[in-house]
Amino acid sequence: MDALVRNGDGWDLVEVKGATRAKEVFQLDVAIQYWILTGAGIPVRDAGLLLIDRDYVYPGGAHDPQEFFRFEPLTRTCEQWREWIETQVVSFQEVAARTTPPQIEIGQQCFSPYPCPFYNHCSADREWPEHPIEELPYLAGERYQGLLEQGVTTIDAIPDDYPLTGAQKRVRDAVAKGHPWTDPDLGEAVQGVD
């Protein structure tokens, strides 16, 4: 939470993000904070995200900095997620009360939406193949799952026809061929650099 702003006899919950759209992970962040505050008896009148207004164009001269931002109201969304959050909190409490950690395979959930601070602990005893698919840049979601479903766990085993971005293809090709990729225009780009 970035700000609680007094609103009459209640409060407005404002989460500030340096982004232009209300990603689901941001909305969930606000909804959890809303659940905590209202559960503690704090009257929240409005909850939402303060985002950068991508349509703002500086007109020159005097300006109002607030025009650079837009408020995305999420109070209804927070209410809709209340029951789901409650269920998740109960589940988390059950896990936290255990004497042993849960047995969950390392996977995409360790990196998305944010890197897990326990990743090094959980992966300390794991034997990694050379160049696992997790090393592929920005591999996430359906593409990651699709590879796992095909039994592909290393970069060099990714089929040539598997849909990858340009950067991912370059990494796959470099690993498969066993030598680094070099941009053919690199020599020309660095000529004359002292």
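Cys78 is buried, with a relative accessible area of 1%; buried denotes under 20% relative accessible area, exposed over 50% and partly exposed in between, with a 1.4 Å probe and protein chains only. The model is predicted: local features need pLDDT of at least 70 and side-chain atom pairs count only at pLDDT 80 or more, whereas totals for chains, interfaces and linings use all residues. Residues are numbered from 1 along each chain as its sequence is written, and side-chain values use heavy atoms, leaving out hydrogens and water.

**Cysteines**
- Cys110 is also buried, at a relative accessible area of 13%.
- The closest cysteine sulfur to that of Cys110 belongs to Cys116 and lies 6.2 Å away, too far for a bond.
- The count of disulfides (pairs of cysteine sulfur atoms within 2.5 Å) is 0.

**Sheet**
- An open sheet of 4 strands follows the order β1-β2-β3-β4 with mixed pairing; strands are DSSP runs of E with at least two residues, helices runs of H or I with at least four, numbered from the N terminus.
- Its edge strands, β1 (3-7) and β4 (69-73), each pair on one side only, where pairing requires at least two DSSP bridges between two strands.
- On average, neighbouring strands of this sheet are turned by 30 degrees against each other, direction ignored.
- Strands β2 (residues 10-16) and β3 (residues 44-52) run parallel and are joined by 6 bridges.
- Glu15 has Leu49 in β3 as its bridge partner.

**Helix packing**
- Helix α1 (residues 24-39) lies across β1, β2 and β3 and runs at about 155 degrees to β3.
- Contact means heavy atoms within 4.5 Å; axes are lines fitted to C-alpha atoms, for helices over the stretch in contact, with angles from 0 to 180 degrees between N-to-C directions.
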